[in-house]
Amino acid sequence: SNNNHMKDKSRHSMKNMMADLYLIDAWRILNPNAKEYTWSDSTGNIRSRLDYFLVSQRLQFPLHECIHRTVISDQPNNRLTDHSAVCLSFKTIRPMRGHGYWKLNNSFLNEDEYKTGIRNLISNFIDENHDLDSKIQFWELLKLYIKEFSMKYGIKRANEKQNKIKDIEYQLSHIDVNDNENKNNLQNELNLLYEQKAEGARVRSRIKWYEYGETSSKYFFKLEEKRQANAAISQLRDNNGIVHENNDQILECAYNFYSDLFTSNNVSIDDVNEYLNSINLTSKKLSNRDSHSCDQMLSITEISQAVKLLKKEKSPGSDGLTAEFYQEFWPYIQDILYQYYLECFNKGELGPSAKLSILSLIYKKSDRDQISNYRPISLTNIDYKILATVFANRLQSVIQKLINHNQSAYVKGRYIG
């Protein structure tokens, strides 16, 4: 009885440890219905599976085979151990990543050459396209020109830096060993270039802080590769339990899942109308003044305030222009964007790129091949976020008058505790 109690306690402790550390039993995952043992006494009458390979849940995809093997001695009738070896092998899965999408390198915003180029581009574009009637088309076209200029600038800049690194490395390899001053100057210049590369990798790897002076670019590049590998989906299981590893099939699995999830079935319009008509709208109603403050035309002042509130180092939308870009060049584009918003407001429709978003699936927990274990987020363009922030600010100013004081969650200034 005591032995059984101890065994149950041990199993319970190990299960808790596995849950806390997100570990899985590799052999059981690969052999869900098998019954084998890794230990037996000398008679073979008492047997148990005492030996495990516990691996991270993130390594479930690459698991290939896990088997038990008897340890053979070169001496007849001589057992080296009463335990079997647990042999685990992995399959190398390197998911094919797509082309991704272009994103502005924010380090360009610290360079005078780039900033001067963008300012000249905007000025020339206004002069050459002043007769373009559609402000929506004007803004969409200007963004394309900015993107094209930025991509070309990035390629030129990368080539120049790479050539500079090669040139310095060549000079260092041929420098006079006694020329310490020139050698130190070249080495400092080279270190600065490597620090810039490391900083780019740090930003892409999403590291929020690091010690000043840390120059291990290899470390940040590895973190960047790891983040990309974790973000990539190498396989998904469909509703029939079939695992797909082809990119097109993975996309189809995701598409089918979210299409079913977000599609309403058998919705009765009569029931919806009956519910809406049953709501008492007289108890909480905005005054004409408050209603006007929400519906009035946009102003440059509130748009500018929204630009200031944009969070930095966030992924942009499909046009690749970051919040930092808008904040840097706001004096030069505010009138253009204002006219764009006014036309959208009057037409009741956003511009083409503002209606696009990039859907990214973020892994949450448990099995990585189950699409339900991913959380979808939409990456929208910054010009859309600015407009959304303006309307959110307007609602925030009147929401206290509409939401009952008993509703404490998700209302600014109210405490849920």
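1. Start with the largest nonpolar core, a set of buried Ala, Val, Leu, Ile, Met, Phe, Trp, Tyr and Cys residues joined through side-chain atoms within 4.5 Å. Here, buried means under 20% relative accessible area, exposed is over 50%, and partly exposed is in between (1.4 Å probe, protein chains only). This core has 39 residues, and Tyr 114, Phe 325, Tyr 326 and Ile 386 touch the most other members. Helix 11 gives the most to this core, 13 residues. Helices here are DSSP runs (H or I, at least four residues), numbered from the N terminus.

2. A quick word on the source: this is a predicted model, where local features need pLDDT of at least 70, side-chain atom pairs count only at pLDDT 80 or more, and totals for chains, interfaces and linings use all residues. Residues are numbered from 1 along each chain as its sequence is written, and side-chain values use heavy atoms, with hydrogens and water left out.

3. Have a look at Tyr 326. Leaving aside neighbours within four places in sequence, its contacts (heavy atoms within 4.5 Å) include Trp 139, Lys 143, Leu 337 and Ile 386.

4. There's also a second, separate core of ten residues, with Leu 236, Ala 254, Leu 361 and Tyr 374 among them.

5. Now the cysteines. Counting a disulfide as a pair of cysteine sulfur atoms within 2.5 Å, you get zero disulfides. Take Cys 87: the closest cysteine sulfur, in Cys 66, is 7.9 Å from its own, so that's too far for a bond. Cys 87 is partly exposed, at 26% relative accessible area, while Cys 253 counts as buried at 11%.

Note on methods:
Helix = DSSP H or I, 4+ residues; strand = E, 2+ residues; numbered from the N terminus.
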